[in-house]
Amino acid sequence: MTDTARTARAGVPERPTLDGLEETWARRWQEDGTYAFDRAKERADVYAIDTPPPTVSGELHMGHVFSYTHTDTVARFQRMRGRTVFYPMGWDDNGLPTERRAQNVYGVRPDTALPYDPSWVPPAAPVSEAARKNPTSISRRNFIELCEQLTASDERVFEALWRRLGLSVDWSLTYTTIGRLARLTSQRAFLRNLARGEAYQAEAPTLWDVGFATAVAQAELEDRERPGAYHRLRFTGPGGREVLIDTTRPELLPACVALVCHPDDERYADLVGQSARTPIFGVEVPVRAHPLADPAKGTGIAMVCTFGDLTDVTWWRELDLATRVVIGRDGRLLPEPPAGVPADPYAALAGQTVNGARRTLVGMLADAGDLVGEAREITHPVKFYEKGDRPLEIVSTRQWYLRNGGREPRLREELLARGAELRWVPEHMKHRYDHWVGGLNGDWLVSRQRFFGVPVPVWYRLDDAGEPDWGQPLTPDEALLPIDPSSDAPAGFDESQRGVPGGFVGDPDVLDTWATSSLTPQIVGGWETDPDLFRRVFPMDLRPQGQEIIRTWLFATVVRSHLEHGVLPWRDAVLSGWILDPDRKKMSKSKGNVTTPVGLLAEHGSDAVRYWAANGKPGMDLAFDAAQIKVGRRLATKLLNASRFAFGLGAADALRAAATEPLDTAMLAELSGVVGAATAAFDSYDQTAALMATEAFFWRFCDDYIELVKERAYGTGPGADSARAALATALSVQLRLFAPVLPFVTEEVWSWWRYGSVHRSTWPTTYEVGRAVQAPGDPELLRLASDALSQVRRAKSERKLSMKAEVPLAEALGPAALLERLALVADDLRAAGRIAKLDLLPDRAPELVIACAF
């Protein structure tokens, strides 16, 4: 039978190509429901993944491709192991990033004082830079609608890219963090936290981002090095004693409430318990001792202000100091001085920005002779909101908090114990969790003063003077959720009573985006909305995520599940590494060194890009390498062509036949070991090791085994039947081993000769490979034959001969036992090497040597 006839019969195209496979198979998978979750299965047969919802306020980059490919290989492997995989996709579309994107794209800003305009139409995007600098004010509701429209458009683009990448997601399970289900779930969880006393409201010092005009949680902080200067101020102690203070924030002098030194610092021991007067303002402040004071820093004694930094907050709380707030939420000094501070000197500072007030006050101090020496310039770490561009201030605000162990040792220990229950991949990532939980110094601030988020679902009664009763919030019935207090009225009230004495007012804040994202298992799992589904998927099996959000997303999800359900939300957590640029620096949008995947997917194909991604182990960083993507393309192409060639030998018709010849059983014995290694690697979430084992065998299979047996396979009789049977089994197994990483090319080849999808087929087993042979094989025999063939090829290459050149005589020298084994494959070696005569000369060399005579 000719190659052409065999190929046509097997359904193999004349010229297989990788081009267009993504569009073809993405469509087919969707039409056939290949990755649909079977909700009829019981929990033991379900593998549930709590997929990280990417933020849709920007472009996907290679870091996303890297980590999401890893998760997809897990999903595909588990599906082939017989589990029905619960694999949703979410979009994180609420919060500050979306608001910022809407403002930048359309040149608008929300104004809560403006009424809703149903006829308002956004300008054509993108707008000019001038429009961004002078944005148009629109109502809160118009702004929210604009954010919704923008995210819907962004999500369509993201979904198309994910489909092209080949993520085996069940797209019917897609959710968003601002959608109705997410709002309902987030509000229900908050109300239950409130009912149990886990959520509470407090007026307290709050980290505040002036640019975004919102509170910021501890987990969202980052230190950035910024230039500053130490100014030495002269305070006046008892009896006119000079007390010198070094500070980088002289503008906070009117907020000074104490001086603090270390309890063991003898320089100031006699001052402790007495008082000193501030320069310029002449306010008397106490001198106190506290172990956080650093005797080696500055002059060894510090001024405490409300509030300069987090240490000030600690001193203020633990020493029970007075409160003198001077900075407002707009980042400017308040128009009126705090109680006890004289108005005249303060008037020069009122309304100024922090930097302006600093310059003014330094000048006032110099004029009064209370500035000692010149300013000493420094570079020091300054707290920023991770998404902000202005230093944080600490202002006193009323906020909502959720207990997270930061103030309760017992809860802290419970959450540390939860971390110990979790399987961490890699294991050393657990240290980051423990370090974060152990270092918490306050509860989780969950309220935000923004717009596009899940509203805090409470109202407050107004007394006869129109003041809210903060201590008795009005809560809705869960059956009414989700609600928006800015447009919905509480039970017993109507809209006419909003904002009037004796009426009500809605809470104006929204919940932190992590307060919703921390409930992704509950949102997508149908907590309280679909109890049948929830019992089948929760607790989930896997949380894949970035290592940098252990302190936010992972920890917050553990907190919510622990408080609500008393269990971990998942069994395993797999942490991805970072993508590095060619200079080995972490890729990030802020550094401007990210690479977007669209062009790479179009140029090289999705399988090639996935191949690059799969070469990064969990928790390990991976450098972006276009050359590695080209290797992936070459591998996928070879898989097409080698399969076509094998089918041309008749392999497609021999799948269930048995291999009998020594070389065939040797190859399958080695393949059995590869199956075991790849399976163990996938079970350990190490797709890299699985790929390496499979790929190494594949190239030996193509370069050596196929070359060794193709002449025999072209023939007839038991030897030819054995070769074709071995080829069929090997192809079937290898396609499935590659399928989690290279889904498109494996599906294409599978469709040439098998029914259904390779991704719904069973994962190969060593038992399956063993059934394909009549007697156990010796994997070393294939290596021996490969070594011999390699020496023949090298001899031809050294003489610059074609690989098809005849070898009149070849002599095999080596230990007798080794040559006895070589004799088992001598016919295949002669055919592959085109050797006319092969002589076996035992004990003429300590190892195998093939000498060729031409």
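This is a conversation between a colleague and a modeller about the terms used to describe one protein structure.

Colleague: What kind of model is this, and how are its residues numbered?

Modeller: It is a predicted model, in which local features need pLDDT of at least 70 and side-chain atom pairs count only at pLDDT 80 or more, while totals for chains, interfaces and linings use all residues. Residues are numbered from 1 along each chain as its sequence is written, and side-chain values use heavy atoms, with hydrogens and water left out.

Colleague: How many helices and strands does the protein have?

Modeller: There are 27 helices and 29 strands. Both are DSSP runs numbered from the N terminus: helices are H or I with at least four residues, and strands are E with at least two. Along the principal axes, the C-alpha atoms fill a box of roughly 110 × 65 × 55 Å.

Colleague: What makes the span of helix α6 agree with expectation?

Modeller: The expected span of a helix is 1.5 Å times one less than its number of residues. Helix α6 (residues 140-165) has 26 residues and should therefore span 38 Å; its end C-alpha atoms are 37 Å apart, which agrees. Just after α6, Gly 166 takes a positive phi of about 90°.

Colleague: Why is Ala 255 called buried?

Modeller: Buried means under 20% relative accessible area, exposed means over 50%, and partly exposed lies in between, with a 1.4 Å probe and protein chains only. Ala 255 has 0% relative accessibility, so it counts as buried. Ala 255 lies in the loop between β10 (242-247) and β11 (256-261). Its C-alpha atom is separated by 51 Å from that of Thr 529, 274 residues apart along the chain. Of the 854 residues of the protein, 55% count as buried.

Colleague: What makes Asp 72 and Arg 610 a salt bridge?

Modeller: A salt bridge is a side-chain nitrogen of Lys or Arg within 4 Å of a carboxyl oxygen of Asp or Glu. The side chains of Asp 72 and Arg 610 meet at 2.8 Å, N to O, and form a salt bridge. This pair links distant parts of the chain, with Asp 72 in helix α3 (residues 62-80) and Arg 610 in helix α18 (residues 606-614), 538 residues apart. Both Asp 72 and Arg 610 are buried. The whole structure holds 64 salt bridges.

Colleague: How do you know that Asp 532 and Arg 39 form a salt bridge, and are these residues buried or partly exposed?

Modeller: The closest N and O atoms of Asp 532 and Arg 39 are 3.5 Å apart, and the pair forms a salt bridge. Asp 532 sits in helix α15 (residues 531-537) and Arg 39 in the loop between α2 (21-32) and β1 (46-48), so the pair links distant parts of the chain, 493 residues apart. With a relative accessible area of 30%, Asp 532 is partly exposed; Arg 39, at 35%, is also partly exposed.

Colleague: Why is Asp 370 called buried, and Arg 234 partly exposed?

Modeller: Asp 370 has a relative accessible area of 16%, and is therefore buried. Arg 234 has 24% relative accessibility, so it counts as partly exposed. The side chains of Asp 370 and Arg 234 meet in a salt bridge at 4.0 Å, N to O.

Colleague: What is notable about the phi of Tyr 685?

Modeller: Phi of Tyr 685 is near 60°, a positive value in a residue other than glycine. Tyr 685 lies in the loop between α20 (662-683) and α21 (687-714). Its relative accessible area is 5%, so Tyr 685 is buried. Ile 280 likewise has a positive phi, near 65°, and is found in the loop between β12 (275-277) and β13 (284-289). At 25% relative accessibility, Ile 280 counts as partly exposed.

Colleague: Which residues are joined by cis peptide bonds, and where do the prolines lie?

Modeller: One cis peptide bond joins Leu 481 and Pro 482, with omega about 0°; Pro 482 is in the loop between β20 and β21. Another joins Phe 538 and Pro 539, with omega about -5°; Pro 539 is in the loop between α15 and β23 (540-546).
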